[in-house]
Amino acid sequence: MSTMSARAGDVTAGRARRRASSTELSRWDKVLRAVSAIAGIVPTGLLVFIAVIMVVAALPSILFNGFSFFTGSVFNFGNLYATTTVTHNGVTALPHAAYGVWPLIVGTLATSLIALVLAVPISVGGALMLSEVIPRRIADPLSVFLELLAGIPSVVFGLWGVAVFGPFIAAHVYPALSAIGHVIPFFKAPVGVGQGLLTASLVLTVMIIPIVASTTLVLLKRVPILAKEGALALGMTRYETARVVTIPYIRTGIVAASLLGWARALGETIAVLLIIGDIYSVPGNIFGNSSTIAAWIASTLDGALQDFTGMGVHALAELGLLLLAISLLTNLAGRLVVRRVAGGVLPVGRGV
Amino acid sequence: MRTGLMGGIAALGTLAVVACGSSSSPTSSSSSGGSTPTPAAVQTGNPTSAVTLSESGSTLLLPFLQELVAPLTAQYSNITLAPSGGGSGKGISDAIAGNSLLGGSDAYLSPGQFSQNPTLANIPIAISAQGVWFNLPGVTSLKLTGDVIAKIYEGSITKWNDPAIAALNSGVTLPATTIMPLVRQGSSGDTFLFTSFLSATNSAWANGPGPGTSVTWPHVATEGSASSNPGMVAACKPGCIAYIGVSATSAAQTAGLSEAMLQNKAGNYVTPTPSTIGAAVTAGAASIPSNLALSLIYQDGAQSYPIVNFEYVVVNTTQSSTDNALAIRTFLTWAMDPNGGSQSQYLSKDNFVALQGSVPASVLSAINAKIASIT
């Protein structure tokens with residue numbers, strides 16, 4: 001939104017320059033100032049507005065559940081048909097209502113981190129391939145494909161995961177993978193039919209590769225040719241040039257690109273909902289069914305709406321707030337990492 | 001919500017014009033003697049101006065309502081039914097908020113919802129049921145109890161040849177296949193019916209996960225899930241057990257699944273057929289409350305099927321316009337009329353059973369009194 005308004009501001013400024021009159025110039029200057037002020041306030045205001053609304057909607061749940069919201073493992077709207085209600089800390093809920101979202105925190109972090117760990121090396125490797133190895137006339141059309149891939153609606157990925165990818169890897173890949181179970185118990189399990197934690201993570205991987213890869217590709221194209229040529233002139237191989245010059249130059253950018261991908265994986269709803277099984281449990285193994293914060297909000301909202309005390313919806317609002325907080329925290333953590341990585345050891349300047 | 005002691009029987013065939021006061025207590029409901037019936041004629045007819053009856057809610061009810069759109073307008077040119085999905089919870093909350101005139105729900109309103117929204121009514125317009133299906137090559141017929149099914153879903157019975165299952169099925173050779181219990185994802189009216197049945201038959205379940213539209217299922221390693229009735233059918237691979245609404249019965253048969261006979265409260269094993277479903281409704285209707293909120297789970301009666309439910313339409317009995325009120329009364333009365341919307345050609349889409357025939361007069365009179373009060 002801010003870029004659009006800013007662009008409108010540019011146009012306004014351009015017109016102002018074309019018209020010579022000084023009174024008009026100052027008038028257009030005022031307009032420009034007003035427009036940019038609004039453009040500056042809107043994004044910040046929007047974030048504050050959303051945060052405030054979420055906190056207000058979640059407040060009864062925060063009061064009712066306290067800290068056990070994060071540590072509990074039972075999620076139950078309570079007995080809808082009870083004639084009584086229970087009150088705790090001044091807020092009312094249904095009898096037997098329990099809201100502990102630990103399994104969702106685990107599911108959300110597990111799927112997104114597995115996806116991130118798999119996607120980043122593939123994305124960076126792919127981007128390097130496109131920018132440094134493959135001839136330009138082949139690489140350019142291929143990078144267009146990469147950007148098109150980023151635009152595929154997530155529900156399409158979900159359908160593909162359910163109908164094609166999940167059953168295929170469950171039949172042909174997972175049995176071999178479960179052999180790792182002799183070493184790492186978390187892999188030892190009945191592999192199921194292709195829905196669950198690992199399949200969801202793999203589909204998320206496919207979804208975030210284009211985001212991380214296309215961002216990395218843009219960064220790679222901005223690495224000064226002089227530095228690379230210098231490295232080659234010193235007798236470095238292509239691999240050494242990439243390792244010593246190119247990658248260090250953009251590594252803060254790679255972290256930023258990974259954060260973009262992580263944010264996407266954290267908030268992805270429909271594809272995960274279709275694939276992960278949406279069972280409320282911390283899976284005992286990597287093939288087990290689980291759920292994530294986003295998927296659980298989507299799939300249980302209808303049940304929450306039947307809770308006449310309203311606590312069900314409040315609890316889902318607190319879940320949404322939690323997801324918002326996790327996203328902001330990962331973003332902040334990423335920024336800290338960027339600051340550390342960017343700490344003056346780069347041979348040639350700094351990345352984005 | 002009038003709660004006078006008014007028992008009565010409405011003439012079955014003429015429910016469109018005759019209705020009686022509702023009953024307040026189970027003891028007086030099925031007897032027509034004593035008190036004076038107060039017939040409240042349900043005014044129906046074509047409104048003077050066009051009314052669109054917006055509906056949202058239960059996706060189980062949706063195919064039936066979609067079937068009704070054309071015949072309703074054919075009979076009442078100024079009434080257009082506009083059904084949509086969203087789930088039972090959305091149907092109820094939309095009806096409360098006035099976002100839609102009708103809310104479809106697989107579940108009746110709770111005491112809390114009634115007391116918060118005293119002008120709300122839930123009108124049963126059809127009857128549905130749920131089957132328990134299994135996929136076990138070589139075995140086509142099984143008897144199961146709610147208690148055993150609860151133990152399967154809580155993970156204490158894990159093999160199909162478990163002694164507890166074998167004891168119910170003497171003469172059947174059971175393989176040592178691992179049981180894969182299937183559940184519905186997220187919140188679902190079907191989950192509510194199923195867990196209500198488990199809670200009625202297994203005290204550990206009642207005190208543990210309990211009944212609910214979204215349940216924290218006990219952890220079973222082989223557990224699977226699906227997001228709809230057809231999805232349950234597709235996900236039911238060999239070894240599986242699944243609860244599937246009767247709307248997907250033919251799909252389940254086509255997929256080669258077998259339906260379990262469930263033990264009812266009287267101890268007999270039954271599958272859902274129009275007669276066993278009707279028996280459950282007859283048993284339940286003996287104690288129908290004046291607000292029509294009635295569970296048909298695990299009812300008395302030798303032939304009663306244990307997992308049966310009313311499909312409800314939730315309406316606000318106080319409408320802003322008289323045309324809207326007239327259209328709602330007309331639609332609801334027509335929808336449960338065996339010569340109107342409750343013809344088998346419309347109900348068969350969902351394998352629903354009409355209220356008519358098996359439902360005692362007390363249910364109909366109570367329903368009609370509720371419809372008559374929509375103003």
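A residue is called buried here if 20 or more other C-beta atoms lie within 10 Å of its own. Keep that cut-off at hand for these exercises, which use a predicted model.

**Exercise 1. Work out how far α12(B) is covered, and which elements cover it.**

Solution. Start with the count: eleven of the 14 residues of α12(B) pass as buried, so by that cut-off the helix is mostly covered. Next, put names to them: the buried residues include B:Ala325, B:Arg329, B:Phe331 and B:Trp334. Then look at the surroundings. Among the elements of chain B covering these residues are the strands β2 (79–86) and β4 (120–134) and the helices α2 (62–75) and α14 (361–372).

**Exercise 2. Check the end-to-end distance of helix α12 of chain B against its expected span.**

Solution. The helix runs over residues 322–335, which makes 14 residues. At 1.5 Å a residue it should span 20 Å. Its end C-alpha atoms are 20 Å apart, so the two values agree.

**Exercise 3. Find the residues with the most contacts inside the largest nonpolar core.**

Solution. This core holds 191 residues, and B:Ile123 and B:Phe331 have the most contacts inside it. Its largest share, 15 residues, comes from helix α8 (residues 197–221) of chain A. Now follow B:Ile123: its partners include B:Leu292, B:Tyr312, B:Leu332 and B:Ile371, leaving aside residues up to four places away in sequence.

**Exercise 4. Describe the side of chain A that touches chain B.**

Solution. Begin with the totals: 28 residues of chain A meet 27 residues of chain B. On the chain A side, α12(A) gives the largest share, six residues. Finally, sort that side by type: twelve nonpolar, 14 polar and two charged.

Notes
Residues are numbered from 1 along each chain as its sequence is written. Chains are lettered from A and ligands numbered from 1 in the order in which they are written. This is a predicted model: local features need pLDDT of at least 70, side-chain atom pairs count only at pLDDT 80 or more; totals for chains, interfaces and linings use all residues. A nonpolar core is a set of buried Ala, Val, Leu, Ile, Met, Phe, Trp, Tyr and Cys residues joined through C-beta atoms within 7 Å. A residue is buried if 20 or more other C-beta atoms lie within 10 Å of its own, exposed if 12 or fewer, and partly exposed in between; C-beta atoms are placed from the backbone. Helices (H or I, at least four residues) and strands (E, at least two) are DSSP runs, numbered from the N terminus. Two residues are in contact if their C-beta atoms, placed from the backbone, lie within 7 Å. Ala, Val, Leu, Ile, Met, Phe, Trp, Tyr, Cys and Pro count as nonpolar, Asp, Glu, Lys and Arg as charged, and the others, Gly among them, as polar. The expected span of a helix is 1.5 Å times one less than its number of residues.
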